[in-house]
Amino acid sequence: MKLDEAIMKRASVRYFTEEPVSDDEIRALIEAAIRAPTASGLENWLFVVFKSEDARKKIYDLIGEGMVKYYRAVNLPEEKIEKLRKRIYEEGMYRAPVYIAVFIDRRVRFLKGREFDEVEFIWSVESAAMAIQNLMLEAVELGLGTVYIGVTNFSGIEEKVRELAGLDENYYLVGVIPVGRARDEVKPRRRKKGVEEVTRIL
């Protein structure tokens with residue numbers, strides 16, 4: 001598969017089959033991820049794979065909790081939130097055979113001094129985000145689906161994900177990626193804005 005084909009085929013997949021993701025496939029995803037650019041060559045990312053039934057259930061429940069919190073934050077009516085709960089807990093939205101949580105280690109940095117705290121943090125998150133994109137594109141190549149979950153960063157939820165991963169507060173969660181084979185046909189959406197609208201050439 002050519003790179004441009006993988007880019008155009010990638011889409012957010014929210015419903016997965018129960019077919020397992022193999023250890024070789026997981027390794028291939030992470031190998032692709034760590035080929036991403038990394039600020040100052042630090043490679044201060046960590047990929048925690050939740051594969052056991054118990055771990056997956058706990059992550060799944062935290063995703064559900066985060067989604068409800070998100071929709072309440074945007075003032076979605078309670079009846080619509082209940083429909084969301086049904087899609088999650090009855091229809092299995094976001095239930096996947098594997099979850100990969102991507103963390104950065106705040107202690108690993110290049111520039112010392114508090115005046116560089118913010119920029120070092122931004123660089124680390126950017127590096128991990130590029131690694132996630134690599135992982136997602138490799139997933140397309142392998143016939144797997146993924147979706148980025150950011151609601152696990154809400155206060156009170158991120159801490160629980162860290163605890164499940166066996167990590168302390170030095171680690172920051174950049175995102176949780178459900179991985180599996182799509183239950184339904186994957187149909188990438190058209191972008192609302194074209195190249196001309198988002199490009200400025202000086």
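Author: Helices are DSSP runs of H or I with at least four residues, strands are runs of E with at least two, and both are numbered from the N terminus. In those terms α5 is followed by G143, whose phi is positive, near 80°, and α6 is likewise followed by a glycine with positive phi, G166, near 75°. The model is predicted, so that local features need pLDDT of at least 70 and side-chain atom pairs count only at pLDDT 80 or more, while totals for chains, interfaces and linings use all residues. Residues are numbered from 1 along each chain as its sequence is written, and side-chain values use heavy atoms, with hydrogens and water left out.

Reader: How do you know that the span of α5 agrees with its number of residues?

Author: The expected span of a helix is 1.5 Å times one less than its number of residues. Helix α5 has 25 residues, which gives an expected 36 Å, and its first and last C-alpha atoms are 37 Å apart, close to that expectation. Its buried residues include E120, S124, A128, L135, M136 and V140, and what covers the buried residues of α5 includes α1, α2, β1, β2, β3 and β4.

Reader: What makes the buried residues of α4 a group on the same side of the helix?

Author: Buried means under 20% relative accessible area, exposed over 50%, and partly exposed in between, with a 1.4 Å probe and protein chains only. In α4 the buried residues are I81, L84 and I88. They cover an arc of only 55° around the axis, and they are therefore on the same side of α4, where the arc is that of the directions from the helix axis to the C-beta atoms. On the other side of α4, E79 and K83 are exposed, and what covers the buried residues includes α3 (53-73). The twelve residues of α4 should span 16 Å, and its end C-alpha atoms are indeed 16 Å apart.

Reader: Why is Y89 called partly exposed?

Author: Y89 has a relative accessible area of 35%, which lies between the cut-offs for buried and exposed, so the intermediate term applies. This residue is found in helix α4 (residues 78-89). Contact means heavy atoms within 4.5 Å, and, leaving aside neighbours within four places in sequence, Y89 is in contact with Y60, D61, G64, E65 and R95. The C-alpha atoms of Y89 and Y60 are separated by 9.4 Å, although the two residues are 29 apart along the chain.

Reader: Why does T152 count as buried, and where is its place between β3 and α6?

Author: T152 has 0% relative accessibility, which is under the cut-off, so T152 counts as buried. Its place is in the loop between β3 (145-146) and α6 (158-165). Not counting residues up to four places away in sequence, T152 touches I63, I157, E158, V161, L173 and V176. Two of these partners, E158 and V161, are among the buried residues of α6, along with R162 and A165. These buried residues cover an arc of only 100°, which puts them on the same side of α6.

Reader: Why is R10 called buried, and which residues does R10 contact?

Author: With a relative accessible area of 18%, R10 falls under the cut-off and is therefore called buried. R10 lies in the loop between α1 and α2 (23-33). Apart from neighbours within four places in sequence, its contacts are Q133, M136, L137, V140, P188 and R191.

Reader: What makes the largest pocket a pocket rather than a cavity, and which residues are closest to its centre?

Author: On a 1 Å grid over the protein atoms alone, a cavity is a set of points where a 1.4 Å probe fits but cannot get out, whereas a pocket is an open set with protein on both sides within 12 Å along at least five of seven lines; lining residues have an atom within 4 Å of a point. About 900 Å³ of space lies in the largest pocket. Of the 24 residues that line this pocket, R10, A11, S12, R189 and R191 are the closest to its centre. The largest share of the lining, three residues, comes from α5.

Reader: What makes N75 stand out by its phi?

Author: Most residues other than glycine have a negative phi. Phi of N75, a residue other than glycine, is positive, near 60°. N75 lies in the loop between α3 and α4 and, at 65% relative accessibility, counts as exposed. E43, in the loop between α2 and β1, also has a positive phi, near 50°.

How values were computed. Grid points are joined across faces, edges and corners, and a volume is the space filled by probe spheres set on the points.
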